Amino acid sequence: MAGLRAKMGNAAKRGKKNKAKLKGPILLRREMVAFLPAVSLAGLWFGLEGMTLVGATALMVAWMSRPLAIPEEPEDEGAAMRALPQRADAEEMMEASARDASDSGRGTACLVIGIDDPTALARQMSREEFEEFLQAFGARLRGALRNCDRIALLDGARYAAILAPTQRPDLESMIQLSARLQLACDAPYSITARSVNVTSHVGFCLMSRAPEPTGKAILQAAETAAEEASRNGPGAIRAYTPEVRPTARAPSALASDIAPALEEGRIVAYFQPQISTDTGAVSGMLAVPRWLDRDRGILTETEILPAVAAKGLQIRLAEVMLFQCFGALREWDKLTATAGLVSLPIGIEQATDPKMFDRLKWDFDRFEVPPRQVCLVLHREVTARLDDEVILRNVSHCAKLGCRIELAGFGTGPVSVSAIRRTGADRIRIHRSFVTNVERDPEQQRLVSAIVSFAAGLGLETLAEGVATIGEHAMLAQLGCNHVQGKAISAPLPLEECAAWMARHAARLSSIPRPDLRRGA
C-alpha cells in the first residue's frame, strides 16, 4: 500500500516539472545562439546601426516564437486532478456541507468510491500508467457529479464525493447516484494504447443516518459502508447502517492475526452434540470454530467471526471447517456409537457465491464423504434471502445432491413458505430466544408449539438451540420438538473428546430402566 500511495503522490511532482519548463528568460533560450554570428557580422559590415537592427529583429523573432503557456482553465483542472484534496480537506468540506444543510433545512450525503483490488491493478502497470489511470478515474467521477459537488482522494485508491446540500436526499436517489457513478467509472480506460477494465464499489451515508451530524462522522460512516461493499464482492453498493459498525470496529489485534491462525491450524472445529427428544440418542454434531491462542486462551465464534469478516476470510474459514468436518466423519465411522449428522453453518458470503455447489460437490467426491452425512445450516441472513436466485440455486442443488438443509433463526426474520419448499429444507432451527424459560413461560410455550405445528404441517423436523436447563429440555420434548442442543446437553467439544462423551452418553441411556410393556407383566 505504501507503493500505491507513492504512485498516487508522484503525479503532483510531474506537474511541477512540466510547469517549470515554461519558465526562464527569453534571451537564454538555445535558439538565440543562431543570431550571435549575424549580430557580429552586422556590426562589422554596417556599424552600430546594422548591429542594432539585427538585434532588434532577433528579439522580435524570439518573442513571437516563445512557448505559449497552457490555457489557464485546463491547467487548473489538471493541477486539481494531480493534487486533489486529502482526508483532512474532505472532513472540512463535509463539515461545511453539513452545516449549510442544517442551516437551510436541507440534506447532504457523502459517497466513498473505491477501486476493487487496487494493489493488484497497480502491479499490472508502471507508475506513470497508474498515475494516468487515477487521473482518468477522478476525471470521470468529477464529470458524473454536479459542479457544486466536491471530491477528495482518500487512502487505498478511494475517492470521497461530498454532495452540496439539496432537498432531502433519500435512499433511492443515493442508490441511483451510486449506480451512475459506477457506470461512468467502470467503463474501459485507454492507458498507453491498451484497454484497462476495472470495477468499483460504493459506500454512502446520508447525513440523516450518520452517527453524528459532523463532517468527520459522516465521512467515516461512508468509509465503513465502502468497506462493507468491498467485502461483498466487486461492484457492490452499500448504505451505512448501524449494523455494519461492529465489523468495521473489529479488534485490530485479532484481525491482523486471523490469517496466520487459519493457515497454521490454530483455528479448529469443536463439535456440540445434538440429541433426539424421542430416543435420547445422539442425532448430530454442530461444528463451531474455536481459536486456540497461546496468550488469549480459547476464543469462540463471537471473537473469531468479526475478525474473519474484517479481513474478508469467510470463504477460507468455511474451507477449513469443511475439511475438519470430513476428518471427524472418518474418525466417527470407526466407532460403535453413531454421531449422526454433522451440521455445518453456511454464511451469506458462501451462499451468494455462484460456485458454492460446484465446490461442495467436488469436496464430497475428493474426500469420499456421502452428502447425506452433512447438514448445511443456513444462517439467519441467508434464510431471510431465500428468494435470491443464486442462493436458491445453491441450496436446492445441495439438497438434490443429498445434503440435509436446516434453516436457522426461524421466527426472527422474514421467510416465505414457497421459498422453504423450493430449498428442499429438512429441518427448522428454533432460535434460542424462544427457548429461554420455556418450561415456566406459557407465552414461550405457545410460540414453540406454533412453530412445531407449522414445521410438522410442512413435513419438517425441528431443533431447538441454546437449551440451558433440564427443564427446558423436558418441556421442548413435551411440545414435540424433535432435537435439542445446548449446554444442558453438552458444551462444544474438541474432536479428541467426542468419542469418550458419546460412549458415556450411550452408557447412561442403557442404564435407564425401561418399562416392561408386555401384556400381563
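Visitor: In which helix of the protein is confidence lowest, and in which strand is it highest?

Guide: Confidence bottoms out in helix α3 (residues 72–82), at a mean of 43, and peaks in strand β16 (residues 483–484), at 96. The score is pLDDT, the predictor's confidence in each residue, from 0 to 100. Helices (H or I, at least four residues) and strands (E, at least two) are DSSP runs, numbered from the N terminus. This is a predicted model, where local features need pLDDT of at least 70 and side-chain atom pairs count only at pLDDT 80 or more, while totals for chains, interfaces and linings use all residues. Residues are numbered from 1 along each chain as its sequence is written, and side-chain values use heavy atoms, leaving out hydrogens and water.

Visitor: What is the mean pLDDT of the protein?

Guide: The mean is 81, and 80% of residues reach 70 or more.

Visitor: Why are β2 and β3 said to pair?

Guide: Pairing takes at least two DSSP bridges between two strands; β2 and β3 (residues 158–162) have five, in the antiparallel sense, so they pair. One bridge joins Leu153 to Tyr159 in β3.

Visitor: What makes β2 and β7 edge strands?

Guide: The open sheet has five strands in the order β2-β3-β1-β6-β7, with mixed pairing. Strands β2 (150–154) and β7 (237–239) each pair on one side only.

Visitor: Which strands does helix α7 touch?

Guide: Helix α7 (residues 171–185) packs on the sheet, touching β1, β6 (200–206) and β7. Contact means heavy atoms within 4.5 Å.

Key: Axes are lines fitted to C-alpha atoms, for helices over the stretch in contact, and angles run from 0 to 180 degrees between N-to-C directions.
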